[in-house]
Each structure stands twice: as structure tokens, then as C-alpha cells.
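Subject: Structure handover

Hi there,

Here is the structure I promised to pass on. Please have a look at it first; my notes on what turned up follow below.

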Amino acid sequence: MRHPGVAFFDFDGTLIEGDSLPAFVGEVIGRHRAHLALADAIRSGVHRHLRGRGRGIDLRGTIKAVFIRRTLQGVALADALAAAERLARRVRWHAPMVEAMLEHRRAGRRVVVATGALDLYMPALLRGKGVDDLLATGLEVRDGHLTGRLCTGNCVRQDKAHRVRAWLAANGPFGESWGYGNHPCDLPMLALLDRGTVVRIRR
């Protein structure tokens, strides 16, 4: 049986303004400390990557891995989930994309969010938005605490495209597919879909 269709949405810079990860870390350890930690992670990540010792497969991935490890390692899961609830009240939604998501729902299509954001806080942010499935970056939890390590690939660029392709194979076939993301990170995902839209948020 063919489904009417499916629409994939990136999150950061598409459904919302800005990057949710630094905002989440700010809710966990404080915004000032998070800002300083991000600047330090950028310096350290560039140094590690240039020396071939990066924790990610690319520079951005290395910086992200360093930032997460230095700020979230050892945080109690309960505290992290409480931070996610606080963040959910502060997110600045991009109204045109939220409306596009609702239009797909009204047309009976499946709605999937595919994002590099962490699976830890995304459910709180998406609650009540009518999203059918979530493809996100997994964060390892052990004995009720965050380890600061990823337990999946970083769901961006090619990794995101691989996951979207696998999701389509497992859940299709679909009559038509749509995708919404920003440039250039989401181009591999958009290339897989029948109708891809590059989103630019103007401030």
C-alpha cells in the first residue's frame, strides 16, 4: 500500500531560528558558561582536527563532540530532561515552516524531523507538533547520567541522508516526498526527495 506522501524537516535553522544545542547546554550549565565552553571547543576542535585527532568525521563534527563531552559529561539524566522542558518554552519557531508542517499533516502525509540535534531534548521541543517520527543524534546515557559521548552517528549531511534513505526503505513506498532544510548541510537529504526546498530564515 502506497502512503499519500511524507515530508522531512530539518530542525535547527529550518523549523526554528538558530542552533538548539548551545541553547540546551545553556539551560544545563548556564548561558555564560555555555558560551565560553563553545568558544573553547571551537579552538580545541580546530587544533585537534588539524592534527588528525578529531573526534568527528569533519571539523564541525569534531567541535560538536568536544563541546558535548566538556559540558554534558556526568550530568544527571533527570537534570538534562528538566533543561529540555525549559528550552521548549524558549524556542523561536519559524512560522512559515511550522505552517508547512501542519499543511502536510492536514493532507494526510507523514511528517518526520531529521536533525543533528540531540535525541535527548528533541521530544520535549516537538511535543504537540504532530510529528510522526524523529531522526536525531543519539547521546549515550549510563547509570542515569550522560556520558558526554554520542551513541549514533552525527545526524547531519551524509549521515542524515543515509538515515532518511533507510527510513524511506523501511516505511514506504510513498506517493511523493518533500524535504525542507538549509544550505549546504541538508543538500544530501534534499537530493533524495521528490521536492526539496532550501530554507533561509531572514532576521
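A network of salt bridges links D10, K160 and D186. Please keep in mind as you read that this is a predicted model. In total, the structure holds 15 salt bridges, and a few of the others deserve a word too. As general background, side chains of opposite charge can pair when their charged atoms come close.

One of these pairs is R90 with E27, whose closest N and O atoms are 2.6 Å apart. R90 sits in the loop between α4 and α5 (95-106), while E27 belongs to helix α1, so this bridge ties together parts that are 63 residues apart in sequence. E27 has a relative accessible area of 13% and is therefore buried; R90, at 38%, counts as partly exposed.

Another bridge stays inside a single helix: D40 and R43 meet at 3.5 Å, N to O. Both residues lie in α2 (residues 31-50), three residues apart, which is about one turn of the helix. D40 is partly exposed, with a relative accessible area of 31%, and R43 is exposed, with 54%.

Then there is E140, which pairs with R149; here the closest N and O atoms are 2.9 Å apart. E140 has a relative accessibility of 19%, and since buried means under 20%, E140 counts as buried. R149 comes out as partly exposed at 39%.

Two members of the network come back around T115, a residue of strand β2 (residues 110-118). T115 has 0% relative accessibility, so it counts as buried. Its side chain reaches the backbone nitrogen of A117 at 2.9 Å. Leaving aside neighbours within four places in sequence, the contacts of T115 include D10 and K160, along with F11, D12, M122, L134 and C155.

On to the nonpolar side. The largest nonpolar core has 41 residues, and those touching the most other members are F9, F11, L15, F24, L72, L118 and Y121. Helix α3 (residues 59-72) supplies the largest share of this core, with five residues. What does L72 contact, once its neighbours within four places in sequence are left aside? The list is F24, V25, V28, L118, L139 and L146. There is also a second, separate core of twelve residues, with V6, F8, L190 and L193 among them.

Finally, helix α4 (residues 77-88) is a nice one to look at. Its twelve residues reach 17 Å from the first C-alpha to the last, close to the 16 Å expected at 1.5 Å a residue. The buried residues of α4 are A80, A83, A84 and L87. Why do these residues line one face of the helix? Seen down the axis of α4, they fall within an arc of 105°, so they line one face. What covers these buried residues includes α1 (20-29), α6 (122-126) and β5 (145-150). The face of α4 turned away from the buried side carries A78 and D79, which are exposed.

That is everything from my side for now. Happy to talk it through whenever suits you.

Best wishes

How values were computed. Residues numbered from 1 in each chain as written. Predicted model: local features only at pLDDT ≥ 70, side-chain atom pairs only at ≥ 80, totals over all residues. Heavy atoms only, no water. Core = buried A, V, L, I, M, F, W, Y, C linked by side-chain atoms within 4.5 Å. Buried < 20%, exposed > 50% of the residue type's maximum accessible area, 1.4 Å probe, protein only. Helix = DSSP H or I, 4+ residues; strand = E, 2+ residues; numbered from the N terminus. Contact = heavy atoms within 4.5 Å. Expected span 1.5 Å × (residues − 1). Arc of directions from axis to C-beta. Polar contact = N/O pair within 3.5 Å; in protein donor to acceptor, adjacent residues only side chain to side chain. Salt bridge = Lys/Arg side-chain N within 4 Å of Asp/Glu carboxyl O.
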